[in-house]
Amino acid sequence: MALAWGVLIVSGCLETLWATALEASKNFHRLGPSVLFLVALAGSMAGLAYAVTHIPLGTAYAVWVGIGAVGTAIYGMAVLGDPVTAARLLCLLLIVGGVVGLKLLH
């Protein structure tokens with residue numbers, strides 16, 4: 001079970017990677033980021049597929065999306081100049097709290 005959770009966490013991080021690579025690919029006009037997008041997407045989906053064989057689908061999917069969403073939002077704020085506001089940070093903390101709660105209640 002611990003392996004499935006570890007794979008799920010890595011898969012969520014890969015979701016952040018493919019989302020940021022998608023933006024960097026400039027609509028698939030840049031080869032490097034486009035290839036990174038495809039590799040990270042495949043790895044993320046494969047990890048999620050493995051995790052749902054050991055973790056309930058709803059829990060696994062919510063955790064996967066939460067990690068990807070928070071990671072991508074932080075990347076946007078840290079690298080792309082997306083606005084950093086108290087309200088945005090609070091919302092991200094709520095997502096993290098939900099992910100942790102799903103793990104603890106599993």
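How many aromatic pairs does a search of the whole structure find? In this predicted model, the search turns up three aromatic pairs. A pair of aromatic rings is described by the distance of the centres and the angle of the planes, and both values are given below where a pair is taken up in detail.

A good place to start is the pair made by Phe-28 and Phe-37. Their ring centres lie 5.4 Å apart and their planes meet at 65°. Planes over 60 degrees apart count as edge-to-face, so this pair is edge-to-face. The two partners differ in their surroundings: Phe-28 is partly exposed, at 45% relative accessibility, whereas Phe-37 is buried, with a relative accessible area of 10%. Both rings also belong to a wider group, as Phe-28 and Phe-37 form one aromatic cluster together with Trp-18.

Another pair joins Tyr-61 and Trp-64. Here the distance is 5.6 Å from centre to centre, and with 35° between the planes the arrangement is tilted. Both residues sit in helix 3, which spans residues 57–78. Because Tyr-61 and Trp-64 are three residues apart in that helix, about one helical turn separates them. Once again, one partner is buried and the other partly exposed: Trp-64 has a relative accessible area of 4% and is buried, while Tyr-61, at 45%, is partly exposed.

Aromatic rings can also be followed through their charged neighbours. Lys-103 lies over the face of Trp-5, at 4.9 Å from the ring centre.

The backbone around Phe-28 deserves a look of its own. Most residues other than glycine have a negative phi. Against that background, Asn-27 has a positive phi of about 60°, although Asn-27 is not a glycine. Phe-28 likewise has a positive phi, near 65°, and is a residue other than glycine. Where do these two residues sit in the chain? Asn-27 is placed in the loop between helix 1 (2–24) and helix 2 (31–51), and Phe-28 lies in the loop between helix 1 and helix 2 as well. Is Asn-27 buried or exposed there? At 60% relative accessibility, Asn-27 counts as exposed, whereas Phe-28 is partly exposed at 45%. Phe-28 thus brings two threads of this description together: a positive phi in the loop and an edge-to-face partner in Phe-37.

Conventions: Residues are numbered from 1 along each chain as its sequence is written. This is a predicted model: local features need pLDDT of at least 70, side-chain atom pairs count only at pLDDT 80 or more; totals for chains, interfaces and linings use all residues. Side-chain values use heavy atoms; hydrogens and water are left out. Rings of Phe, Tyr and Trp (its six-membered ring) pair if their centres lie within 6.5 Å; planes under 30 degrees apart count as stacked, over 60 as edge-to-face and the rest as tilted. Buried means under 20% relative accessible area, exposed over 50%, partly exposed in between (1.4 Å probe, protein chains only). Helices (H or I, at least four residues) and strands (E, at least two) are DSSP runs, numbered from the N terminus. A charge sits over a ring if NZ of Lys or CZ of Arg is within 6 Å of the ring centre and within 35 degrees of the ring normal.
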